[in-house]
Amino acid sequence: MEAQPTLLLLSVSLGLAGSAPASAEPPSSQQLYGRHCESCHGPRGAGSEALKAPALAGLDASYLSRQLHDFASGRRSIEGIPLARAMVALLETLPAGDIDRIAAHAAQLPPVHLEQTLPSTGFRGRGLYSGCSSCHGSQGSGTPELGAPRIAGQHAWYLRAQLRRFRSGQRGADPKDTRGQQMRTMALAIASDEDLEVLVNYVAGMKP
């Protein structure tokens, strides 16, 4: 008796499945970054003001990994941040290991000098920054042991936005975000919007 077409197709399918080659190697950290992050943050991790994507190059891997996991878990608010909403949707599709590998790749990218037009802040900017240097370092290069990222040379628009979010409670309010709570306390200590602007321009003008 001839095999029925459906059974024949099933037999062929099972035969092909049984002889399929072993699965391909997992993508490298560079490939993961290129696939999921490069279109917004750029191949060098310099970020984009037009896309509201911060610079990632030179940030330590532990900080980047923590922020990505905070976005994925909801500890870091995405309200009013279109790019963050898109990023969370992406993170939901990635295993935790891939998220950490992306962070590791971005961390090994050399810091990028951003071309920014910034007003001079003089001694006032230096004085305001003195309250930040105990965690972020005298040169703004960050202190991984304290969970403090590199901030020198970051986009001014991004620094401004984050300080305002810390001050408003949009960031750093989650009780599980201990690092964010510490940063919120510091942001609230900034006396005025004018001081915030001077501080932002001073930090953005520091060499990364």
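Here are some short exercises, with worked solutions, on the predicted model shown above.

## Exercise 1: Inside the cavities

**Task.** Find which residues lie closest to the centre of the largest cavity, and sort its lining by class.

**Solution.**
- Step 1. Start with the count: the structure holds 2 cavities of 30 Å³ or more.
- Step 2. Take the largest cavity, whose volume is about 100 Å³. It is lined by 13 residues, and A55, A57, R150, A152 and G153 are the closest to its centre.
- Step 3. Sort that lining by class, and you get 9 nonpolar, 3 polar and 1 charged residue.

**Task.** Now do the second largest cavity: which residues line it, and how do they divide by class?

**Solution.**
- Step 1. The volume of the second largest cavity is about 40 Å³.
- Step 2. Look around this cavity and you will meet R76, S77, I81, Q162, R165, Q170 and R171 in the lining.
- Step 3. The classes come out as 1 nonpolar, 3 polar and 3 charged residues.

## Exercise 2: Following the salt bridges

**Task.** Work out which residues are joined with R124 into one salt-bridge network.

**Solution.**
- Step 1. The model has 5 salt bridges in total. One of them joins the side chains of R124 and E194, with 3.2 Å from N to O.
- Step 2. Place the partners on the chain. R124 belongs to helix α7 (residues 122-129) and E194 to helix α11 (residues 193-204), so this pair ties together parts that are 70 residues apart in sequence.
- Step 3. Check how open R124 is to its surroundings: its relative accessibility is 38%, so R124 counts as partly exposed.
- Step 4. Look for another partner. The side chain of D195 also meets that of R124 in a salt bridge, at 2.4 Å from N to O. Here too the link runs between distant parts of the chain, from D195 in helix α11 to R124 in helix α7, 71 residues apart.
- Step 5. D195 has a relative accessibility of 13%; buried means under 20%, so D195 counts as buried.
- Step 6. Turn to E197, whose side chain forms a salt bridge with that of R160 at 2.8 Å, N to O. This pair links helix α11, where E197 sits, to R160 in helix α9 (residues 156-168), 37 residues apart.
- Step 7. With a relative accessible area of 27%, E197 is partly exposed.
- Step 8. Put the shared partners together: R124, E194 and D195 form one network of salt bridges.

## Exercise 3: Reading the aromatic pairs

**Task.** Decide whether the Y129 and Y202 rings are stacked, tilted or edge-to-face, then treat W157 and Y158 likewise.

**Solution.**
- Step 1. There are 2 aromatic pairs to consider. For Y129 and Y202, the ring centres lie 5.8 Å apart and the planes stand at 40°, so the pair is tilted.
- Step 2. Y129 is in helix α7 and Y202 in helix α11, so the pair ties together parts that are 73 residues apart in sequence. Y129 counts as buried, at 3% relative accessibility.
- Step 3. W157 and Y158 make an edge-to-face pair, with 5.7 Å centre to centre and 85° between the planes.
- Step 4. W157 is buried, with a relative accessible area of 13%, and Y158 counts as buried at 15% relative accessibility.

**Task.** Finally, identify the residue that lies over the face of W157.

**Solution.** View the W157 ring from its face and you will find K52, at 4.9 Å from the ring centre.

Note on methods:
Residues are numbered from 1 along each chain as its sequence is written. This is a predicted model: local features need pLDDT of at least 70, side-chain atom pairs count only at pLDDT 80 or more; totals for chains, interfaces and linings use all residues. Side-chain values use heavy atoms; hydrogens and water are left out. On a 1 Å grid over the protein atoms alone, a cavity is a set of points where a 1.4 Å probe fits but cannot get out, and a pocket is an open set with protein on both sides within 12 Å along at least five of seven lines; lining residues have an atom within 4 Å of a point. Grid points are joined across faces, edges and corners, and a volume is the space filled by probe spheres set on the points. Ala, Val, Leu, Ile, Met, Phe, Trp, Tyr, Cys and Pro count as nonpolar, Asp, Glu, Lys and Arg as charged, and the others, Gly among them, as polar. A salt bridge is a side-chain nitrogen of Lys or Arg within 4 Å of a carboxyl oxygen of Asp or Glu. Helices (H or I, at least four residues) and strands (E, at least two) are DSSP runs, numbered from the N terminus. Buried means under 20% relative accessible area, exposed over 50%, partly exposed in between (1.4 Å probe, protein chains only). Rings of Phe, Tyr and Trp (its six-membered ring) pair if their centres lie within 6.5 Å; planes under 30 degrees apart count as stacked, over 60 as edge-to-face and the rest as tilted. A charge sits over a ring if NZ of Lys or CZ of Arg is within 6 Å of the ring centre and within 35 degrees of the ring normal.
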